[in-house]
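Please open the model in your viewer and get ready to select residues by number. We will go from one stop to the next together.

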Amino acid sequence: METLKVVGLIFYHWFKSIALFFIPRHLRLKDVSSETVLITGAGSGIGRLLAIKLASMVDNLVLWDIDEPRLQETGKEVQKAGGKCKLYTCDLSRKESVHETVAKVKNDVGPITMIINNAGIVVGKPILELSDDNIRRTFEVNTLSHFWIIRSFLPDMMKKNHGHIVSLASVASFVGSGKLTDYSASKAAAYSLQESLYLELGAAGYDGIKFTSVCPYLIGTGMFHGASDKVIPMLTPEYVTDQIIEAIRTDQYILVLPRLFYFILALKSMIPIGAGFYLSKALGGLDMMKNFSGRNNNNERNGHAKVN
């Protein structure tokens, strides 16, 4: 009987997904007005755009960034858009800084109901040119900070069985590229964290806590300045931001952009690794980082480009 129940549930969710496909997305948008949303890396790029676009949708925004002047600029834009926000300068590469900021947020704002782990860094060097600090800091910002933040705010979500955890992973979570060994590995870990936590909480009955993993290709925010391939153009920040918000409001588990990569990822899983090498070569993935320079700003350290 237990086996039949499992099979029945599998078919139920399968047919549910098919049915939802035929329902226009704008009819499935959930209300997020009562949410208190934490966005990391909110001083620029996708983080700033998310803050501005969510300003009129949510009850309150909690914005973190290492770059205080840019964070202040985002705060002003949020206020212009009619939103409320609290700003906190935080270095995600230092767990002490994260825990100190968490304590301030809990005291000033209270529980966080939606986490958007947006901040990320990229070095863009061959593995033998990466310093130990390069590798460590990439994982601290791109992966370990997700653990520190989620572990801090998850208990409040579990008390009410309500919340949403969003991770800015990457197409690089599934498709590697030269000069991105540390970045790809850290993003793969960020994606796997989401998947494992979803299963862990689901098994414990916390079905009210939703997950969205965002896996975009290169975005024209400056983070990957100079990188390019022969076939697929960079995504515009505005398009990616709109897609993320729609994915959040429809409880979409994974968002891959551009959508062509759904096909590429499926194809990659079915062909030999040697064939995958030549597929990547044909798409320009092998030389994508050849002219990479990243974004220049005053907070760059040890060759790291700025956050998403």
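Start by selecting Y198: its relative accessibility is 42%, so Y198 counts as partly exposed (buried means under 20% relative accessible area, exposed over 50%, partly exposed in between, with a 1.4 Å probe and protein chains only). Now add Y253, which is also partly exposed, with a relative accessible area of 24%. This is a predicted model, where local features need pLDDT of at least 70 and side-chain atom pairs count only at pLDDT 80 or more, while totals for chains, interfaces and linings use all residues. Residues are numbered from 1 along each chain as its sequence is written, and side-chain values use heavy atoms, leaving out hydrogens and water.

Next, look for aromatic pairs: the structure holds six of them. Rings of Phe, Tyr and Trp (its six-membered ring) pair if their centres lie within 6.5 Å; planes under 30 degrees apart count as stacked, over 60 as edge-to-face and the rest as tilted. Select Y183 and F224: the ring centres are 5.4 Å apart and the planes stand at 80°, so this pair is edge-to-face. Y183 sits in helix α6 and F224 in the loop between β6 and α7, so the pair ties together parts that are 41 residues apart in sequence. (Helices, H or I with at least four residues, and strands, E with at least two, are DSSP runs numbered from the N terminus.) Are Y183 and F224 buried or exposed? Both are buried. Add F292 to see one aromatic cluster, formed by Y183, F224 and F292.

Now select strand β6, residues 209–216. Seven of its eight residues are buried. Show strand β5 (residues 163–168) as well: six bridges join β5 to β6, and the two run parallel (strands pair if DSSP finds at least two bridges between them). To find one bridge, pick H164, whose partner in β6 is K210. Then follow the chain from β5 through helix α6 (residues 181–203) to β6; this β-α-β crossover is right-handed, meaning that, with the strands pointing away from the viewer, the path from the first strand over the helix to the second runs clockwise.

For the last stop, add strand β7 (residues 254–257). Four bridges join β6 to β7, and these strands run parallel. Select P216 and you will find L257 of β7 opposite. From β6 the chain crosses through helix α7 (residues 237–249) to β7, and this β-α-β crossover is left-handed.
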